[in-house]
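Q: Please take a close look at the internal empty space of this model. I would like to know what surrounds it.

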Amino acid sequence: MQKRSASDWFLDGFVYLFLIAMGLAMLLPLANVFSKSVSEEWAIVSGKVGIFPIGFQLDTLRQVISSDVFINAFLISVGVTVVGTILSILMTAVTAYPLSKRFIPGIAFVMVMFVFTMLFNGGMIPSYLLMRNLNLINNLWALILPGMISVFNLLVIKSYYENLPEALEESARIDGAKTYVILFRIILPLSMPVIATIALFYAVGLWNDFFNPMLYINDTSLKTLQLYLRDVVMDADTSNAANKSIDDLMNMSPEGIRAATVVASTVPILLVYPFLQKYFIKGVLIGSVKG
């Protein structure tokens, strides 16, 4: 093995220190928010809560997640995320299949049209007018349909398909399999790493989406969790007044309510990642070998 020089060790040490610093820069704010959500109210009000909680209580979290408004917003976000992720994965996977066949006449021009949309779009006002003309204002489909196919995710799945051996399809066609049978019974099962990875991308994007609900949803009964979180952050003193007693409001600080709402909104999507982690790195690397 080649002997490493002092400069190589110094460079490796600098890289590790830099990555650790960046990781802490991202984790410390989360630790602070979590600590505030479970700390005693007096510690939050006095500004003594840092990385670690002071005292321990779950009353604030319990009050936040028991709110009727929170539960309704949570269920709406779950529904939009689940339905949107399933439809987006299905449409993206099916669209990427013919795009991966370079022998199809005109497929290069179609691919250029998809890539063009990554660089240029109609803008916010035309998008809103389109949703209004389609009667999708105050309709949850307005949160799913506009971003159903991400061109970036489409390119990743397309590249993954191109890495699969062509002999698989050829042998299936010899056995009499149709195109849709090959796609759904051979290609997609072999593409689970990249499918799971892209599913995570879609799910996180839909769960965290704030701009589209703010633009298309005016009905308070259709607010997503992110809109609810915006209301709590902007006015923690009154956002849940209808669901709290006077004694509850007196014992809870606005900062604690904000922190508890952020934690309750973040934890559900974090729980999805461990189930897809084994596919994540493999799916991204294999799907990006060639474009």
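A: Helices here are DSSP runs of H or I with at least four residues, numbered from the N terminus. The model is predicted, so local features need pLDDT of at least 70 and side-chain atom pairs pLDDT 80 or more, whereas totals for chains, interfaces and linings use all residues. Residues are numbered from 1 along each chain as its sequence is written, and side-chain values use heavy atoms, without hydrogens and water.

The structure holds one cavity of 30 Å³ or more. A cavity is a set of points on a 1 Å grid over the protein atoms alone where a 1.4 Å probe fits but cannot get out, and its lining residues have an atom within 4 Å of a point. The volume of the largest cavity is about 80 Å³, taken as the space filled by probe spheres set on points joined across faces, edges and corners.

Its lining consists of Ser77, Val80, Thr81, Leu143, Leu206, Trp207, Asp209, Pro213, Thr224 and Gln226. Helix 4 and helix 10 each supply at least two of these residues, and the largest share, three residues, comes from helix 4. By class, the lining has five nonpolar residues, four polar and one charged; Ala, Val, Leu, Ile, Met, Phe, Trp, Tyr, Cys and Pro count as nonpolar, Asp, Glu, Lys and Arg as charged, and the others, Gly among them, as polar.

Both helices recur around the pockets, which are open sets with protein on both sides within 12 Å along at least five of seven lines. Helix 10 (192–208) supplies at least two residues of the lining of the largest pocket, as do helix 5 (107–119), helix 6 (124–133), helix 7 (151–163) and helix 11 (211–216). That pocket encloses about 700 Å³, and of its 27 lining residues Pro146, Gly147, Met148, Ile149 and Asn212 lie nearest the centre. Its lining comprises 16 nonpolar, ten polar and one charged.

Helix 4 (68–99) instead contributes at least two residues to the lining of the second largest pocket, whose volume is about 380 Å³. Here the lining divides into eight nonpolar, two polar and eight charged residues, and helix 8 gives the most, four residues.

Helix 4 and helix 10 also take part in packing. The largest nonpolar core has 23 residues; such a core is a set of buried Ala, Val, Leu, Ile, Met, Phe, Trp, Tyr and Cys residues joined through side-chain atoms within 4.5 Å, buried meaning under 20% relative accessible area with a 1.4 Å probe, protein chains only. Helix 4, helix 5, helix 7, helix 9 and helix 10 each supply at least two residues of this core.

How values were computed:
Buried means under 20% relative accessible area, exposed over 50%, partly exposed in between (1.4 Å probe, protein chains only).
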